[in-house]
Amino acid sequence: MSTLLLISGSQRRESWNARLLDHLAFSLQWQCAVDLLEPRSMGLPLFDQDLEADADVLATLTALHQRFSQCSGIIVACPEYNGQATPLLKNTIDWVSRLAHIDARFGNPFFNKPVLLCSASTGWSGGALVIQNLRALFGYVGAMVMGSSIGIARAPDQWTADGFQFDGTTESQVEAALSTLLQWTEHFRKMSEAELLSA
Ligand SMILES: Cc1cc2nc3c(=O)[nH]c(=O)nc-3n(C[C@H](O)[C@H](O)[C@H](O)COP(=O)(O)O)c2cc1C
């Protein structure tokens, strides 16, 4: 069974993006395993190349890198901060992308990995700008970024006592995006298994 890594770009306690990931994790529960990355527990400092030699930082980074390596696909839900990804998410991706440069035993955990981009915002745009920004970031590090994405505008208006309740159109888009992600995930997982067998 595939494992999807779910990453929020917000560590705010009542984050709409973290809630969106919970909603997606619930929808996926019978279809794949989910590894929900808890932003508050990541423990990485603000990126500083001088810290690449710090044993404690490297231990934290190695554990995080392993979670990225072991997953078959990634779902990112990131707030839009002035049209950009949050420092938290950028910092995480920068650190994880560096390990292969620091230590040759590690590979690029993003390479050929399907990524579904999502954003929930309190405004009307549903994070349309940050999705473009994330597309460039994850494309740069070698991931296979899905064309379709999930943008939740005016998130508080769609929140109920039972969690997110989206209108029919939005829910259909969410289901279609998850279904495509699962198909891509299976496809790339089988491709990398076949490559390993033929090596
Ligand atoms: C520094 C900052 C910049 C923001 N910039 C944008 C923005 O460019 N576009 C937008 O739609 N919302 C923007 N917002 C509002 C966020 O959508 C809102 O705070 C959202 O709840 C953050 O996501 P979270 O609930 O997951 O923490 C901004 C919020 C902050 C704190």
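Which residues does Ser 15 touch, not counting residues up to four places away in sequence? In this predicted model, Ser 15 touches Ser 8 and Ser 10 once those sequence neighbours are set aside. Ser 15 is placed in the loop that runs between β1 (3-8) and α1 (16-28). With a relative accessible area of 2%, Ser 15 is buried, because a residue counts as buried when its relative accessible area is under 20%. Two polar contacts involve the side chain of this serine. One links the side chain of Ser 15 to the side chain of Ser 10, at 3.4 Å. In the other, the side chain of Ser 15 reaches the backbone nitrogen of Asn 17, at 3.1 Å.

Ser 10, Ser 15 and Asn 17 also take part in the surroundings of the ligand, being among the closest residues to it, together with Arg 12 and Glu 80. In total, 13 residues surround the ligand. By class, this shell comprises three nonpolar, eight polar and two charged residues. Individual atom pairs show how the protein meets oxygen atoms of the ligand. Asn 17 places a polar side-chain atom 2.8 Å from an oxygen atom of the ligand. For Gly 83, a backbone N or O atom lies 3.0 Å from a ligand oxygen atom, and for Thr 122 the corresponding distance from a backbone N or O atom to an oxygen atom of the ligand is 3.4 Å. The ligand taken alone exposes 610 Å², of which the protein buries 70%.

A further loop position is occupied by Glu 52, which lies between β2 (33-37) and α2 (55-70). The relative accessible area of Glu 52 is 12%, and the residue is therefore buried. The side chain of Glu 52 forms a polar contact with the side chain of Arg 98, at a distance of 2.7 Å. Arg 98 also appears among the residues that Glu 52 touches when residues up to four places away in sequence are not counted; the others are Phe 47, Leu 58, Trp 95 and Ile 102. The C-alpha atom of Glu 52 is separated by 8.5 Å from that of Leu 99, although these two residues are 47 residues apart along the chain.

Ser 148 is likewise found in a loop, in this case between β5 (144-145) and β6 (150-152). Its relative accessible area is 34%, so Ser 148 is classed as partly exposed. The C-alpha atoms of Ser 148 and Leu 178 are separated by 9.8 Å, with their positions 30 residues apart along the chain counted as the distance apart.

The cysteines were examined for disulfides, and the count is zero. For Cys 32, the closest cysteine sulfur belongs to Cys 71 and lies 11 Å from its own sulfur, which is too far for a bond. The converse holds for Cys 71, whose closest cysteine sulfur is that of Cys 32, at 11 Å. These sulfur atoms do not form a disulfide because such a pair must lie within 2.5 Å. Both side chains belong to buried residues: Cys 32 has a relative accessibility of 3%, and Cys 71 has a relative accessible area of 4%.

Technical notes. Residues numbered from 1 in each chain as written. Predicted model: local features only at pLDDT ≥ 70, side-chain atom pairs only at ≥ 80, totals over all residues. Heavy atoms only, no water. Buried < 20%, exposed > 50% of the residue type's maximum accessible area, 1.4 Å probe, protein only. Near = heavy atom within 4 Å. Polar contact = N/O pair within 3.5 Å; in protein donor to acceptor, adjacent residues only side chain to side chain. Areas by Shrake-Rupley, 256 points an atom, 1.4 Å probe, with all protein chains shown as cover. Nonpolar A, V, L, I, M, F, W, Y, C, P; charged D, E, K, R; others polar. Helix = DSSP H or I, 4+ residues; strand = E, 2+ residues; numbered from the N terminus. Contact = heavy atoms within 4.5 Å.
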